[in-house]
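Visitor: Could you take me slowly through one part of this structure, the surface where the protein meets the DNA?

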Amino acid sequence: MVAVVPKPTLQTVFELLFQAYGPQNWWPGDSPFEIMVGAVLTQNTSWTNVEKAIGNLKQARLLTPQKIIASHHKSLATHLKPSGYFNIKTKRLKSFCQWLLNQGGEMALARRETEKLRIELLSVHGIGPETADDILLYALDRPVFVIDAYTRRIFQRLGLIGGDEPYEQLRKMFEQGLGTDIALFNEYHALIVLHGKDICRKQPRCEQCCLQSFCSVSAA
DNA sequence: ACCCAGGGTCATA
DNA sequence: TATGACCATGGG
C-alpha cells in the first residue's frame, strides 16, 4: 500500500512556510541598482560570496552603471573575484549596465510595461529568465514570480509539478494560481530559497519539515 | 577530498 | 529538443 499524500494549494504552502520562517524582507541591498547587480552575481553562487564582491564594488565606489562600464575588465574582475565566474560575470555585468544606460537609466525603466521589459532583459547577454525575474520583482517591483531550482525541487516533492517543465510554464502556473500580488511573490520566493537551503536538500526525509504532511518523500 | 551554491551560454547530436 | 561542458570561489 502506498500512502496517499494530499496535495496542498500554492496558498497553503506559502502559509506553512511563512508560519515556519516568518517574513524575510528580501532582497538584501541598499538600492535597486545594487539588487540588480546582486541578481547577476548570484548566478549559481552562494549569497555570502556575492556580498563580498558587492562590498568590494562599494569600497571602490564602482556601484554605478557608468563606473562599471568605464572599468577595465581586469580591474573589475578582481573586485568580482569572490563571487566566482569572475571573467564571465565581468562581461555580464558590463552588458547589463550598458543596456541599462541605453534604456535611459534606472528611472526610465519605471515607465516600461512589465512584459516588454522582460523581453528586453532576456535579450541582454548573460541575463536568463531567473535573473530577469529577480530584477523585475525585487528591483523594479513587478508582479513576476521567480522560478529556481529550489522551487522545482520543493514543489516536485509536494506532487504539484513534475519538476522538468519549462521555466515559463511554471512561472505562469504560480502567477495564475496566486493572483497578482507583488508582496506575496516577493516573500514566497524568499521563503522557498530559505526552505530549500535549510532543509529540503540537507535532510531528504524531512522529519522536521514544515511541509512534511504534504511531502511525498517523507511519506514514502 | 567531495559537493554545491539564490544560472546561463555554447557546442554537439 | 535535449543533454553535457564550462565557468570559479568559498563554505559545509
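Guide: What follows is a walk along the protein surface beside each DNA strand in turn, in a model that is predicted.

Beginning with DNA strand B, there are 22 residues around this strand, and of these Trp27, Asn44, Gly128, Tyr150 and Lys197 come nearest. By class, the residues of this surface divide into eight nonpolar, nine polar and five charged. Where the strand lies within 4 Å of the protein, 64% of its atoms there belong to sugar or phosphate, while the rest belong to bases. Phosphate oxygens of DNA strand B are found 3.0 Å from a polar backbone atom of Gly128, 3.3 Å from one of Glu130 and 3.0 Å from one of Thr131. The elements that give two or more residues to the surface near this strand are α9 (129-139), α10 (149-157) and α12 (182-200), and α9 gives the most, with three residues.

Turning to DNA strand C, the residues around this strand include Asn49, Lys52, Tyr85, Phe86 and Asn87, and sugar and phosphate account for 59% of the strand's atoms that come within 4 Å of the protein. A base is also approached here, for a base nitrogen of DNA strand C is 2.4 Å from an N or O atom in the side chain of Tyr85. With Phe86 and Asn87 the partner is a phosphate oxygen, which is 3.3 Å from a polar backbone atom of Phe86 and, in the case of Asn87, 2.7 Å from a polar backbone atom. Both α3 (47-59) and α6 (86-102) supply at least two residues of the surface near DNA strand C, and the largest share, three residues, comes from α6.

Methods: Residues are numbered from 1 along each chain as its sequence is written. Chains are lettered from A and ligands numbered from 1 in the order in which they are written. This is a predicted model: local features need pLDDT of at least 70, side-chain atom pairs count only at pLDDT 80 or more; totals for chains, interfaces and linings use all residues. Side-chain values use heavy atoms; hydrogens and water are left out. A residue is near a molecule or strand if one of its heavy atoms lies within 4 Å of it. A polar contact is a pair of N or O atoms within 3.5 Å; within protein, one must be able to donate a hydrogen and the other to accept it, and residues adjacent in sequence count only if both atoms are side-chain atoms. Helices (H or I, at least four residues) and strands (E, at least two) are DSSP runs, numbered from the N terminus. Ala, Val, Leu, Ile, Met, Phe, Trp, Tyr, Cys and Pro count as nonpolar, Asp, Glu, Lys and Arg as charged, and the others, Gly among them, as polar.
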